[in-house]
Amino acid sequence: MTLTRFAGKTIVITGAGTGMGRTAAVRLAKEGAHSVLVGRRHAPLEEVAAEIVAQGGSATAIVCDITSSDEVEAMVEQAASANGHVDGLFANAGVLGEFKPLAEADISDLEGLVNTNLFGTLLSIKHSLPHLQGGAVVINASWTVNSVMPGAGAYAATKGALIAMMHTLAMEQGARNVRVNSISPGIILTPMADEVLDPAFSAKLAAHSPLGRNGTPDDVAGTIAWLFSDDARFVTGQDILIDGGFTLGGPRL
């Protein structure tokens, strides 16, 4: 049976050109959503849109720099134009930055992380909220917030701020029946992860997982879809760890 639980709904996905954003966009469209694909590069977005349409789904690609308030506002207005409102936002876009010990980090190392991961996510949510009539926001955080990956301290700090922001937004938006949650993926094999995981290190991480492997974007997409669905209608203010048990017992590096 084909699921159509998102039929007639518009869901915005930032960072939709690759990785978890791409897979979530395809999954949501398969279940009936109109996926609004947002990213900095046109070509990857068009590839995802073509894939969705080829599978009988509906998608719109919008090039947008989420660190620009004006661009984000215009993007959300365009996303809402189809039916007058937006039903969900997957605030997924983010950057890893350079891995280095915090004692060696400079302010310049944090600026790009903060601008995209924190400010960009906040702008995406801020401009989406006026168009949300109920619905849900899902923020992509990280397992590194409550565990440790040496060298990723600056990245983890921005993701920790997102979880704090998620808790506050859930309280502030609950009266409007807008649910706000986050996910904290573990070791997920995406193009961004490939920037820091060589094959040997990737294999080492997989060996520490109780399931004996690292995750894929498909392992995350189902939880994202659930959080947007009515099955999660009483879930808000929660961070969902999706790590295959990698962090059981604390750091496992």
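**Charged and aromatic contacts in a predicted model**

Asp-219 is partly exposed, since its relative accessible area is 31%, and buried residues fall under 20% while exposed ones lie over 50%. The structure described here is a predicted model. The partner of Asp-219 is Arg-213: their side chains meet in a salt bridge with a distance of 2.8 Å from N to O. Arg-213 likewise counts as partly exposed, at 43% relative accessibility. Elsewhere, salt bridges that share partners join Arg-5, Arg-27, Glu-31 and Asp-231 into one network.

Such contacts follow a simple principle. Side chains of opposite charge can pair when their charged atoms come close. Across the whole structure, a search finds 8 salt bridges. One of them belongs to the network just named: Asp-231 forms a salt bridge with Arg-5, and the closest N and O atoms are 3.7 Å apart. Asp-231 is placed in the loop between α8 (217-228) and β7, whereas Arg-5 is in the segment before β1 (10-14), so this pair ties together parts that are 226 residues apart in sequence. The two partners fall into separate accessibility classes: Asp-231 counts as exposed at 55% relative accessibility, while Arg-5 is partly exposed with a relative accessible area of 30%.

A further salt bridge connects Arg-22 with Glu-47, where the closest N and O atoms are 3.9 Å apart. This pair links distant parts of the chain, as Arg-22 lies in helix α1 (residues 19-30) and Glu-47 in helix α2 (residues 42-54), 25 residues apart. Arg-22 is partly exposed, with a relative accessible area of 24%, and Glu-47 is also partly exposed, at 49%.

Charged residues also gather in another way. Asp-70, Glu-71, Glu-73 and Glu-77 form a negative surface patch. Within this group, Glu-73 is found in helix α3 (residues 69-80). Glu-73 has a relative accessible area of 40% and is therefore partly exposed; it can belong to the patch because patch residues must have over 30% relative accessible area and no salt bridge.

Attention may now turn from charged groups to aromatic rings. The count of aromatic pairs comes to 1. Trp-143 and Phe-246 form this pair, which is edge-to-face, with 5.3 Å from centre to centre and 80° between the planes. Trp-143 lies in the loop between β5 (132-140) and α5 (153-173), and Phe-246 in the segment after β7 (239-242), so the pair ties together parts that are 103 residues apart in sequence. Both partners are covered by the protein: Trp-143 is buried with a relative accessible area of 6%, and Phe-246 counts as buried at 2% relative accessibility.

Two loop residues complete the picture. Asn-177 lies in the loop between α5 and β6 (179-185). Although Asn-177 is not a glycine, it has a positive phi of about 60°. With a relative accessible area of 54%, Asn-177 is exposed. Glu-195 has its place in the loop between α6 (191-194) and α7 (199-208), and it too is exposed, with a relative accessible area of 62%. From C-alpha to C-alpha, Glu-195 and Glu-98 are 9.9 Å apart in space, although 97 residues separate them in sequence.

Notes. Residues numbered from 1 in each chain as written. Predicted model: local features only at pLDDT ≥ 70, side-chain atom pairs only at ≥ 80, totals over all residues. Heavy atoms only, no water. Patch = residues over 30% accessible without salt bridge, like charges linked within 9 Å, V, L, I, M, F, W, Y side chains within 5 Å. Areas by Shrake-Rupley, 256 points an atom, 1.4 Å probe, with all protein chains shown as cover. Salt bridge = Lys/Arg side-chain N within 4 Å of Asp/Glu carboxyl O. Lys, Arg positive; Asp, Glu negative; His and termini not counted. Charge placed at Lys NZ, Arg CZ, Asp CG, Glu CD. Helix = DSSP H or I, 4+ residues; strand = E, 2+ residues; numbered from the N terminus. Buried < 20%, exposed > 50% of the residue type's maximum accessible area, 1.4 Å probe, protein only. Phe/Tyr/Trp six-rings, centres within 6.5 Å; stacked < 30°, edge-to-face > 60°.
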